[in-house]
Structure formats: structure tokens, C-alpha cells
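Here are some short exercises to work through with the structure open beside you. Try each task on your own before you read the solution.

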Amino acid sequence: MDGKYMRRALELAQLGEGRVNPNPLVGAVIVKEGRIIGEGYHEFFGGPHAEINAFKSSKESVEGATMYVTLEPCSHYGKTPPCAKAIIEKKIKKVVIGTLDPNPQVSGRGEQLLKSHGIEVVKGVLEKECIEINEIFMKYISSKKPFVIMKTAMTLDGKICTFTGDSKWITNEASRNYVHKIRNRVSAIMVGINTVLKDDPLLTCRLENGVNPTRVIIDSSCKIPMEARILSIADDAGTIMATTSRASKSKIKALEERGIRVIETPEKQGKVDLSFLISELGKSNIDSILLEGGSTLNYSALEAGIVDKVQFFIAPKIIGGENAKTPVGGRGKEYMKDSIDVFDTAVKNFQGDILIEGYVRKKER
């Protein structure tokens, strides 16, 4: 039965997607005498945690009940009081935890605090699933660097566009809707200047009640046209231009006057230093990035070692062409032994399109 209630807590946790960053997604369920008497999830950054919302939803006493929570209850004062303290005060008898919190301020302390007050604690129920929904938080809380997902779409023969550059649309509507769910989940979306020049995208989330990610444009010399649509969006997410000292000061000033944040990075092989940029974005509470770049930026990001996860959508189409671009360009690897390895792969089907996703194995640099 523990698995049943933890699955419900996981369902609840995911309702907070896009609204709690850089905090974790957390769901909580209170069970008494075989009945769910309270449910809650972390709804927005700075708001009450899942455990507190579960207590608020209960219409009867929770004394002697069991609480199921996807992530270890916090034991420190942050934007809200510690949840472990509230659990003790409410006289919960047993707490079932999906996974421990990697936050150094919490990890293991919440568990020990509960045990020290005579509360039975069980941990590790559906742990893999509880870690997976918080893969973004798990990296960010320990490194202060965003979790980067590289997403690309290609044909069956590995092309991201025709030899003329046409790419609308490679994948079907079901695949594109799923991508917008990812946009809703992450803090930022990143593209290169060539994508902006070619497609003039908005890079917004088109889900109903979805949350727009911060837009990050890699533009080493700041050649973006001032009339680009992405520069005219007025929302809380904002747009960031990542450039180098090669950009004209007058262009930077003009962008800043439009409300665009400009980050000047050192040059690395004549381009924006992506490793430096990632660290700077992390300092701004950007905990996750969806990289929707072209083949050049994709290769640069992989070479810089900033990519944590890849998502390759494959459409059942063949277009051919020696000059049609592939998802990852750049110089490429000289030997197979130098290939970038992807592990823990999974496959999903979107009405004929196939998504293959996995995690990038980091190599010592």
C-alpha cells in the first residue's frame, strides 16, 4: 500500500511544474485508517510546502495518521518554517519518505528530527521515481548550476532540415505539445543567434496556463536585429543576451534600454564561453535550461560539458541530402573512443514520432 499512496504523492508533486523553481517538486498525502484525509503539493516558490498544504486540506484530526511525502521534510527555517516541526506538532505517527533531500541544510536532518520525537520513518519508497521528478533540483541544489536538457528533432535519416533549410515541421503535433510541457517545466530556454535569424521565434510556452521560461540567446557579436520578435515580449520571464567583448557598446545599451539583460562572457574559441555562462545563470536562480539550438550550438554545448540530458525526437520521414544538417554539427569526433556516451536511455512514442532520451555521461575534463 505504501507504493499506492506514494504514487498519488508523485502525481500531486508534478502539479507544481514551472511554478516552484528553484525549489523541488513535492507532494504529500495523509492516510488514516486506510483513508486519504489530506493531500497537498508545493504550489509556488515561496509558498507553503506540500506537507503544510496537506494539513490544511484535512477536515479531521491527523493525529496518529501516516504521511507520505516524496521528499524528506525540511528541518530548517527558510522562506517558510520547517515542515518536520509541523509534523511533530500535529502528532503524525509515521512518515514514509520517497527520497532524502540532497540540500546540505536538510539531508538526513529532517529524518533524524522526526525519529528523535518517536515518529516511525520509512524511506526509499518509489525512490527512483521521486528522484527522477526532481532531477533538476538534485543537480542545482548541490552545484548551483542549471540542469541542461538538449532537445532536437530529426528525420529517420538524421536530418534537422532539408538542404534548403526548411524544417517546419519535422515532428507531429503530439511531439510539439510535449516540448511545450518541457518549456513549462524549466526555468529557461536557450538558442543560438542563427536560430533567431532563421526562424524569428518567440520561445514561449503555448500551454493553457503555462509559464514562459526565460529566453537566453547566444550571440557572440550581438548581431540580433532590434526588430526580432523575441525582443518585444513583455513578461516576467525576460530575455537574456549572452555575448562577448566583440559586441558593440551601443548595441548593448540599446538592448538594455529595451529591458534585455546582457551577460558578457569571456571568449572561448571566438564564441561565448558556455561554461562561464551556465555559472552566471545559476547565480540568477535559473535551475534548468532547455537547449533548443541548432547543430553548431548543440555541439558546442556537448563539448563544453554543460549538457545533462538529451532528448532526440525522430520522425518517420526521410529527406536525404548531403548538405542537409544533422542535430549535432561542429568539428565532430575523430575517433569512436571519443564519442559522447548516453546512458539510462528510454523510448517514448508520440503517435508515430519516437523520442529517445538519456543522460550524458560526463568525462573528466
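**Exercise 1.** In this predicted model, find the helix that holds Glu111. Then decide: is Glu111 buried or exposed?

*Solution.*
- Step 1: Look along helix 4, residues 109-116; Glu111 has its place there.
- Step 2: Take the relative accessible area of Glu111, which is 4%.
- Step 3: Residues under 20% count as buried. Glu111 is therefore buried, because its value is 4%.

**Exercise 2.** Describe what surrounds Glu111.

*Solution.*
- Step 1: Leave out residues up to four places away in sequence; Glu111 then touches Glu72, Leu100, Val121 and Lys123.
- Step 2: Now look at the side chain of Lys115, with which the side chain of Glu111 makes a polar contact at 3.0 Å.

**Exercise 3.** Work out the strand order of the open sheet of 5 strands and name its edge strands.

*Solution.*
- Step 1: Going across the sheet, you meet the strands in the order 2-1-3-4-5, and the pairing is mixed.
- Step 2: Strand 2 (35-41) and strand 5 (120-123) are the edges, as each pairs on one side only.
- Step 3: Neighbouring strands here are turned by 15° against each other on average, direction ignored.
- Step 4: For one pair in detail, take strand 3 (residues 66-71) and strand 4 (residues 94-99), which pair in the parallel sense over 5 bridges. Thr66 has Lys94 in strand 4 as its bridge partner.

**Exercise 4.** Which strands does helix 1 touch where it packs on this sheet?

*Solution.*
- Step 1: Helix 1 (residues 2-13) touches strand 1 (27-32), strand 2, strand 3 and strand 4.
- Step 2: The direction of helix 1 makes about 140° with that of strand 1.
- Step 3: Add helix 2 (residues 50-57), which lies across strand 1, strand 2 and strand 3 and runs at about 135° to strand 2.

**Exercise 5.** Check the span of helix 7 against the value expected from its 13 residues.

*Solution.*
- Step 1: Helix 7 covers residues 173-185.
- Step 2: The expected span is 1.5 Å times one less than the number of residues, so the 13 residues of helix 7 should span 18 Å.
- Step 3: The end C-alpha atoms are 19 Å apart, which agrees.
- Step 4: At the start of helix 7, a side-chain oxygen of Asn172 comes within 3.1 Å of the backbone nitrogen of Ala174.
- Step 5: Finally, look for buried residues in helix 7; among them are Ala174, Tyr178, Ile182 and Arg185.

**Exercise 6.** Trace the open sheet of 9 strands.

*Solution.*
- Step 1: The order is 10-9-8-7-13-6-14-16-15, with mixed pairing.
- Step 2: The edges are strand 10 (261-264) and strand 15 (342-350), each pairing on one side only.
- Step 3: Strand 14 (residues 309-315) and strand 16 (residues 353-360) pair in the antiparallel sense over 6 bridges. Within strand 16, Glu357 is the bridge partner of Gln311.
- Step 4: Helix 9 (residues 249-257) packs on the sheet and touches strand 9 (239-243) and strand 10.

**Exercise 7.** Which residues touch the most other members of the largest nonpolar core?

*Solution.*
- Step 1: This core has 30 residues, and Met190, Ile218, Leu274, Leu277, Leu281 and Val307 touch the most other members.
- Step 2: Elements that each supply at least two residues of the core include strand 7 (188-192), helix 10 (274-283) and helix 11 (295-304).
- Step 3: Zoom in on Leu281: not counting residues up to four places away in sequence, Leu281 touches Met190, Val216, Ile240, Ile263, Ile286 and Ile289.
- Step 4: Apart from this core lies another, of 24 residues, including Ala28, Ile30, Ala50 and Val62.

Conventions: Residues numbered from 1 in each chain as written. Predicted model: local features only at pLDDT ≥ 70, side-chain atom pairs only at ≥ 80, totals over all residues. Heavy atoms only, no water. Pairing = 2+ DSSP bridges. Helix = DSSP H or I, 4+ residues; strand = E, 2+ residues; numbered from the N terminus. Contact = heavy atoms within 4.5 Å. Axes fitted to C-alpha atoms, helices over the stretch in contact; angles between N-to-C directions. Core = buried A, V, L, I, M, F, W, Y, C linked by side-chain atoms within 4.5 Å. Buried < 20%, exposed > 50% of the residue type's maximum accessible area, 1.4 Å probe, protein only. Polar contact = N/O pair within 3.5 Å; in protein donor to acceptor, adjacent residues only side chain to side chain.
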